[in-house]
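User: Hey, can you walk me through this one? I'm new to reading structures, so plain words please.

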Amino acid sequence: MTRLSPEQKLKFIEQGRVFGYPRCCCEAFLLRFDMPVAELMAEPPRKLHGTGFVPCLECNKKSEEELCSIIKENRVHPTPFPHA
Ligand SMILES: [Zn+2]
């Protein structure tokens, strides 16, 4: 993983907002860039795998239906979620 500059992080959060991803999840995802690989490997599998969205541990407890409706409600981006 590459370390991100503060500008890249801000851009990432903004992009996440456009996609309708909860801010807590975007911030948790950014922290993953600074995490050791061993720690990442030890993490539980996340919901909605393969959609481009990685929920934070707290949101990962919600059902995929619940997460999808949160994202759809907040989404500004024209492409509907999940774009598989
Ligand atoms: Zn979250």
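User: Let's start with Cys-26. Leaving aside its neighbours within four places in sequence, what is Cys-26 in contact with?
Analyst: Sure. Once you set aside the neighbours within four places in sequence, Cys-26 is in contact with Phe-12, Ile-13, Gly-16 and Tyr-21. Keep in mind that this is a predicted model.

User: Gly-16 is on that list. Where does Gly-16 lie?
Analyst: Gly-16 lies in helix 1.

User: And is Gly-16 buried or exposed?
Analyst: Gly-16 has 20 C-beta neighbours inside 10 Å, so it counts as buried. The cut-off for buried is 20 or more.

User: What does Gly-16 touch, apart from neighbours within four places in sequence?
Analyst: Gly-16 is in contact with Tyr-21 and Cys-26. There's also a link to a later part of the chain: the C-alpha atoms of Gly-16 and Phe-53 are separated by 8.7 Å, with their positions 37 residues apart along the chain.

User: OK, what about helix 1 as a whole? How many of its residues are buried?
Analyst: Just one of the 14 is buried, so helix 1 lies largely in the open. The helix covers residues 6-19 and reaches 20 Å from its first C-alpha to its last, close to the 20 Å expected at 1.5 Å a residue.

User: Can you give me an exposed residue there?
Analyst: Take Lys-11, which is found in helix 1. Lys-11 has 12 other C-beta atoms within 10 Å and is exposed. From Lys-11 to Phe-53 the distance is 16 Å, C-alpha to C-alpha, and the two are 42 residues apart in sequence.

User: What comes just after helix 1?
Analyst: Gly-20, which takes a positive phi of about 90°.

User: Zooming out now. How many helices and strands does the chain have?
Analyst: Four helices and zero strands. Reading from the N terminus, the elements go α-α-α-α. The radius of gyration is 13 Å, close to the 12 Å that the globule rule gives for 84 residues, so the chain is as compact as a globular protein of that length. Along the principal axes, the C-alpha atoms fill a box of roughly 35 × 30 × 20 Å.

User: Which residues make up the largest nonpolar core?
Analyst: There are eight: Tyr-21, Cys-25, Cys-26, Phe-53, Cys-59, Leu-67, Ile-71 and Phe-81. Helix 2 (23-32) and helix 4 (64-74) are the elements that give two or more residues to this core. In soluble globular proteins, nonpolar side chains tend to be buried together.

User: What share of the chain's residues count as buried?
Analyst: Of the 84 residues, 13% count as buried. As for contacts with a separation of 6 or more, 58% are between residues 24 or more positions apart.

User: Where's a good place to see the outside?
Analyst: Try Glu-73, whose place is in helix 4. Glu-73 counts as exposed, with 8 C-beta neighbours inside 10 Å. The C-alpha atoms of Glu-73 and Leu-4 are separated by 29 Å, and these two are 69 residues apart along the chain.
Analyst: Ala-42 is another one to look at, in the loop between helix 3 and helix 4. Ala-42 has 9 other C-beta atoms within 10 Å, so it is exposed. Ala-42 and Leu-30 are twelve residues apart in sequence and 17 Å apart in space, C-alpha to C-alpha.

User: Any backbone oddities?
Analyst: Some background: most residues other than glycine have a negative phi, and most peptide bonds are trans. Leu-48 has a positive phi, near 60°. Leu-48 is found in the loop between helix 3 and helix 4, and with 18 C-beta neighbours inside 10 Å it counts as partly exposed.

User: And which residues does the cis peptide bond join?
Analyst: Phe-81 and Pro-82, with omega about -10°. Pro-82 is found in the segment after helix 4, while Phe-81 is one of the residues in the largest nonpolar core.

User: Last thing: how confident is the prediction?
Analyst: The chain averages a pLDDT of 92, and 95% of the residues score at least 70. Confidence is highest in helix 4, at 96, and lowest in helix 3 (residues 37-41), at a mean of 92. Where pLDDT is low, the predicted coordinates should not be read in detail.

Technical notes
Residues numbered from 1 in each chain as written. Predicted model: local features only at pLDDT ≥ 70, side-chain atom pairs only at ≥ 80, totals over all residues. Rg over C-alpha atoms; globule rule 2.2 N^0.38 Å. Contact = placed C-beta atoms within 7 Å. Core = buried A, V, L, I, M, F, W, Y, C linked by C-beta atoms within 7 Å. pLDDT = per-residue confidence, 0-100. Expected span 1.5 Å × (residues − 1).
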